Structures are given as structure tokens and as C-alpha cells.
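Visitor: Could you take me on a close look at the charged side chains that pair up in this model, and then follow the trail to whatever lies around them? I'm happy to have it all in one long answer.

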Amino acid sequence: LLSVDIEGGVNGISCIGIARSPSDCFVIPFFDRQGNRTFTEDVEATILRALAHVLANPSIPKVLQHSLYDNFVLTYIYRMPIFGVVDDTMVKHMEYFCELPKSLAFQTSIHTLEPYYKDERKGTDQQTFLTYCGKDCCVTYEINSSLNQLLASDADAQRHYRTNINILPGLLYME
């Protein structure tokens with residue numbers, strides 16, 4: 001299972017983070033905080049091809065927070081869809097806490113012990129920003145594990161959640 005997170009939008013992606021656990025991740029920086037490219041075009045193309053290979057592989061399960069956003073942006077900018085999205089923490093959180101906020105910051109505060117870090121996104125320091133992206137991936141992974149425990153004993157909630165996950169590709173297509 002991989003947790004994936006991008007920083008940026010349709011005007012550009014500054015970095016992509018991938019976590020393999022709540023404490024193990026790496027971040028691929030495409031632009032620094034001043035807007036300068038991190039890699040040469042050839043190196044970036046090689047990285048993007050390898051990344052596309054992993055993200056497009058449906059046999060590699062992936063979890064994201066608000067997967068429609070990341071998937072749309074990667075598809076729009078790079079024609080790099082994410083297949084194999086098995087979990088979306090925003091949708092999963094809604095299954096039990098529909099009346100509460102669904103942001104990653106809020107979910108982090110109730111499903112993990114990670115202190116508040118979301119203000120690190122706005123700093124000018126490159127290392128702090130990349131660490132921020134890595135934390136997003138790691139807490140998404142951890143939140144997903146926490147929510148799995150809640151869903152494990154509720155077959156109706158599991159069915160409802162899976163129905164919502166199964167309609168995400170159609171919603172992405174409509175975007």
C-alpha cells in the first residue's frame with residue numbers, strides 16, 4: 001500500500017510524496033520554493049515515466065486524501081492517472097464522522113498523535129516544505145489504518161464505503 005500526495009494544482013506541481021508506512025516516505029521535488037526546476041528536463045522525464053508506471057499500476061494499492069483532486073491534477077497536467085486507489089481517507093472519514101470536517105488537518109488531530117504542522121506549507125524553506133509533503137503522506141497512511149479499525153466490525157459501513165470508492169472513477173471522468 002502506498003500513500004500518495006501532491007503539492008500544487010493545475011498550474012504546476014511542486015512535489016509529490018509517497019509513503020510506504022506512517023513513518024517511511026520520500027518526496028520528489030520538481031520545483032524549489034522560488035519556482036526553479038529541481039532537475040534537468042531529461043532527468044525529470046525519466047522520473048515522471050517511472051512515477052507514471054507506479055501510479056498507473058492497479059495492482060499497487062494506493063490511499064489518498066481527497067483522491068479526486070490529486071488524480072485530476074496529475075491527469076490534467078501530465079496525463080498520469082492514478083489507478084489502484086483502494087482507499088480515500090476523506091471518504092472513509094465521512095463514513096463515521098459525516099458531520100465533522102474532512103480536511104487532513106482535522107483528521108490528523110483526531111486519528112493520529114502528530115502535532116499540528118499544516119502551517120509549514122507556507123514557509124519559504126525548501127526542506128520544511130518537503131518535510132510537510134512527507135508528513136501529509138505519512139499521516140494519510142496512518143489515518144487510513146485508524147479508520148480501517150473502525151470499519152472492520154461494521155459490514156454495512158464497509159459496503160457503503162466501498163460503493164462510494166467505486167464511483168470515484170466515474171466522478172473523475174466527469175471532472
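Guide: Let's begin with E44, which is buried, with a relative accessible area of 7%. Bear in mind throughout that this is a predicted model. The partner of E44 is R37: the two form a salt bridge, and their closest N and O atoms are 2.7 Å apart. R37 has 47% relative accessibility, so R37 counts as partly exposed. The pair therefore joins a buried acid to a partly exposed arginine. Elsewhere, salt bridges that share partners connect D87, K92 and R162 in one network.

In the structure as a whole, a search finds 8 salt bridges. One of them is between the side chains of R121 and E7, at 3.3 Å from N to O. This pair ties together distant parts of the chain, as R121 sits in the loop between α4 and α5, while E7 belongs to strand β1 (residues 2-9), 114 residues apart. E7 has a relative accessibility of 4%, so E7 counts as buried, whereas R121, at 37%, counts as partly exposed.

R20 and D24 give another salt bridge, with the closest N and O atoms 2.7 Å apart. Here R20 is exposed, with a relative accessible area of 51%, and D24 is partly exposed at 29%. As background to these pairs, side chains of opposite charge can pair when their charged atoms come close.

From the loop that holds R121, step back to α4. Helix α4 covers residues 104-111 and includes T108. T108 has a relative accessible area of 4%, so T108 is buried. Leaving aside residues up to four places away in sequence, T108 touches E114, Y117, V139 and I143.

R162, from the charged network, falls within the residue range of α6, which runs from 155 to 174. The N-terminal end of α6 is capped by D154, whose side-chain oxygen lies 3.3 Å from the backbone nitrogen of D156. How does the length of α6 compare with what 1.5 Å a residue predicts? The 20 residues should span 28 Å, and the end C-alpha atoms are 29 Å apart, so the two agree. Even so, α6 bends by about 30° at L168, with a proline, P169, following within four residues.

L168 is also one of the buried residues of α6, along with A157, Y161, N164, I165 and L172. An α-helix has 3.6 residues a turn, so residues three or four places apart point the same way. The buried residues of α6 pack against α2 (67-78), β5 (85-88), α3 (89-96) and α5 (126-151).

One last stop is the cysteines. How many disulfides does a search of the whole structure find? The count is 0. C25 is in no disulfide, and the nearest cysteine sulfur to C25 belongs to C138, 3.8 Å away. That sulfur pair does not qualify, because a disulfide needs sulfur atoms within 2.5 Å. C25 has 32% relative accessibility and so counts as partly exposed. C137 is in no disulfide either, with the sulfur of C133 the nearest at 4.8 Å. Unlike C25, which is partly exposed, C137 is buried, with a relative accessible area of 0%.

Notes:
Residues numbered from 1 in each chain as written. Predicted model: local features only at pLDDT ≥ 70, side-chain atom pairs only at ≥ 80, totals over all residues. Heavy atoms only, no water. Helix = DSSP H or I, 4+ residues; strand = E, 2+ residues; numbered from the N terminus. Buried < 20%, exposed > 50% of the residue type's maximum accessible area, 1.4 Å probe, protein only. Contact = heavy atoms within 4.5 Å. Expected span 1.5 Å × (residues − 1). Bend = angle between axes of the 7 residues up to and from the residue. Polar contact = N/O pair within 3.5 Å; in protein donor to acceptor, adjacent residues only side chain to side chain. Salt bridge = Lys/Arg side-chain N within 4 Å of Asp/Glu carboxyl O.
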